[in-house]
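Me: Please take a close look at a single part of the structure shown here and describe how that part is packed. I would welcome one connected account, with the reasoning made explicit.

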Amino acid sequence: MKAFKYSVLALAMAGLTACSLDGDDGADGTDGNNGLNSLTVQTELATGDANCPNSGVRFDSGLDSNADGALGEDEITDTSYVCVQANTQVDNSELLTSLNNDYFVAGQAEVEANKNVWLQATGTSSTESTRNLTSNTTVTKHESLEAAVAQLNGKAKNVILFVGDGMGVSTVTAARILEGQMNGDSGEENQLSFDRFPFAGLSKTYNVDAQTPDSAGTMSAMMSGVKTDVGVIGVSEGVVRGDCSTVAGTELVTALELAELAGKSTGIVSTARITHATPAATYAKSADRNWEDDGDMPAEAIEAGCSDIASQLVGFEAATEARFGADIDGIEVVMGGGRRSFLPRDEAFNSPDAVSSVEGDRTDGRDLTAEWATQYPNGVYIYDQAGFDGLDTETTERVFALFNESHMQYEADRANDVAGEPSIAEMTETAINVLNNNNDGFFLMVESGRIDHGHHAGSAYNALTDTVALADAVAVADELTNDDDTLIIVTADHGHVFTIAGYPKRGNPILGKVVNVGAEEAATAADGMPYTTVGYMNGNGFRNLGAETDADEGYNYDLAAGRQDITDVDTTTPGYHQEALVPLSSETHSGEDVGIYAKGPGAFLINSTNEQSVIFHVMDFAADLTEQANSAVE
């Protein structure tokens, strides 16, 4: 039995539905009348059906004799069934929780439907006409959808997934305008690098148990093809958050794991802690996203045998080999923040640029950076800009880079880092150059994690400048790769309650006060005070911190939600935090859809509005990850 044998419903047959055409008047006929319609109708079968016990689809075909546009029982001439295969046994070598998972199967169905959309939109659906002299009917049918796109399956040697954490549609719009204005233009006409990608769609971000999601559940969906609950990493909804005993049997398989099994190089880059929810969902299985190190875990979870996220990263190779019975070489590139979860709670292990008196958080005494170095003697561990600049990407086999005790700096605040740290664009370039040394290709996930943190702090400036930095990283990746063999997807895990409002004139500073069309002075609200174009529905509210480039500094002040008189305040400075309506200690996520932008092999599958879990299925189709992994472990 294959390690990743998915129960695939043969939905390519959906292309046959209502796809026949009648003849033209007099064409191949004897009396000039229209011919009869040949119809194929599909009916979804529920679990327990006599013909398909595990559910499936019934296909009925025949001639619409009474021309009512439907197919009556007396008109059906042929019936066939496509049944979902039952899974009667599983073992540790199988994709346990994806088999027959509703979200997983639905994601595969969406991919099939998106193939059809693309074929119809581009006019590439080929037809075959046959003449039936008995009924004077011309029947036209589509070719099999799978045959039409088969040449694109597995064409992507490389896959790069960019995740702008918290990068909702309004964030993309405002960042686009800000970048344009930073370049001296009015801004609205500008395009971010990924705005130019040829394919785009929307992603529904809800978690299984939440209308407004968190990063753990959303990223797990993107990486595994299975939607799950808030706050859990790499496991299905069958887990109980915080309960270690419920993890076994709920573990999901991620695109990064499949890529490793397929022989590709793999990489993770984030401006957040590398153990934070989004990057962790590429490699870890945890009942709680907060279990970043053993110091964060309850004693009962440790006693029950659950591992913290940091130790799972360092032990990834051994754990994956044990799980699947295959030989892999481990993750080649890890770059981000979060040193504290890898070091003992002992000042003797502090890094030279530590900002805390005791940098490490681990209570078990383990130095995971030293364990990594022992495990990979040909690898390079770095923690600052000098180490990064010294990397030779032609000869470096793997790199483990932890540039900060916690999260990396905001892009606007990077110059203030103690030992210096690279930009997200620089990390992306280096990661690609290292991973490209593998002729079998690579999988790379790049997260701009501090977009999310800027919004939580109520700082549009930091959120938007980090979005612009992500766009720069996407441009670098696009430049370094080939559209013929590299799929690039740019998306977000969720949005924020961040709005663009009022009626500002064209070119008005996006971070400025609203100035109406034809006016020169700031508009005023009904309370007689001016207001900004961008703002937040909730959060800790107004701050006027001037040139401060660290949004988190705002948390050191009391809440100031509600309206403020900003008449004499320069709202375009880095330290200005927008007004918020509802007072909260931190601004929240939002529940609306987010954008998906794509180019390269398989990118055509990104269209319309999708379940977030479909992103995994697109990557899987483009790079044929599952089948390649199957071949490696058989």
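Reply: In this predicted model, T254 has a relative accessible area of 1%, and because burial is taken as anything under 20%, the residue is classed as buried. T254 lies in the loop between α4 (215-224) and α5 (255-261). Leaving aside residues up to four places away in sequence, T254 is in contact with M223, A281, T282, K285 and F616.

Such burial may be read against the chain as a whole. Of the 634 residues in the protein chain, 56% are buried. The secondary structure comprises 16 helices and 22 strands. Among contacts in the chain with a separation of 6 or more, 70% join residues 24 or more positions apart.

The part chosen for closer inspection is helix α12, which covers residues 424-435. Its 12 residues should span 16 Å at 1.5 Å a residue, and because the C-alpha atoms at its ends are 16 Å apart, the expected and computed spans agree. Nine of the 12 residues of α12 are buried, and the helix is thus mostly covered. The buried residues are I424, A425, M427, T428, T430, A431, I432, V434 and L435. What covers these residues includes the strands β6 (158-164), β8 (265-273), β9 (333-337) and β12 (442-448), together with the helices α11 (385-389) and α14 (460-480).

Of these neighbours, α14 merits separate treatment. This helix has 21 residues and extends 30 Å from its first C-alpha to its last, close to the 30 Å expected at 1.5 Å a residue. It too is mostly covered, with 15 of its 21 residues buried.

A packed pair of helices is described by the angle between the axes and the distance between them. For α12 and α14, the angle is about 25 degrees and the axes are 8 Å apart. Because angles under 35 degrees count as roughly parallel, α12 and α14 are roughly parallel to each other. The crossing of α12 past α14 is right-handed. On the α12 side, the contact is made by I424, A425, T428, E429, I432 and N433; α14 contributes A469, L470, D472, A473, V476, A477 and L480. By class, the residues of this contact divide into nine nonpolar, two polar and two charged.

The spacing of such positions has a general background. An α-helix has 3.6 residues a turn, so residues three or four places apart point the same way. In α12, I424, T428 and I432 are among the residues that contact α14, and these three are also among its buried residues.

Notes: Residues are numbered from 1 along each chain as its sequence is written. This is a predicted model: local features need pLDDT of at least 70, side-chain atom pairs count only at pLDDT 80 or more; totals for chains, interfaces and linings use all residues. Side-chain values use heavy atoms; hydrogens and water are left out. Helices (H or I, at least four residues) and strands (E, at least two) are DSSP runs, numbered from the N terminus. The expected span of a helix is 1.5 Å times one less than its number of residues. Buried means under 20% relative accessible area, exposed over 50%, partly exposed in between (1.4 Å probe, protein chains only). Contact means heavy atoms within 4.5 Å. Axes are lines fitted to C-alpha atoms, for helices over the stretch in contact, and angles run from 0 to 180 degrees between N-to-C directions. Angles under 35 degrees count as roughly parallel, over 145 as roughly antiparallel, 65 to 115 as roughly perpendicular and the rest as oblique. A crossing is left-handed if the near helix is turned anticlockwise from the far one by less than a right angle, and right-handed if clockwise. Ala, Val, Leu, Ile, Met, Phe, Trp, Tyr, Cys and Pro count as nonpolar, Asp, Glu, Lys and Arg as charged, and the others, Gly among them, as polar.
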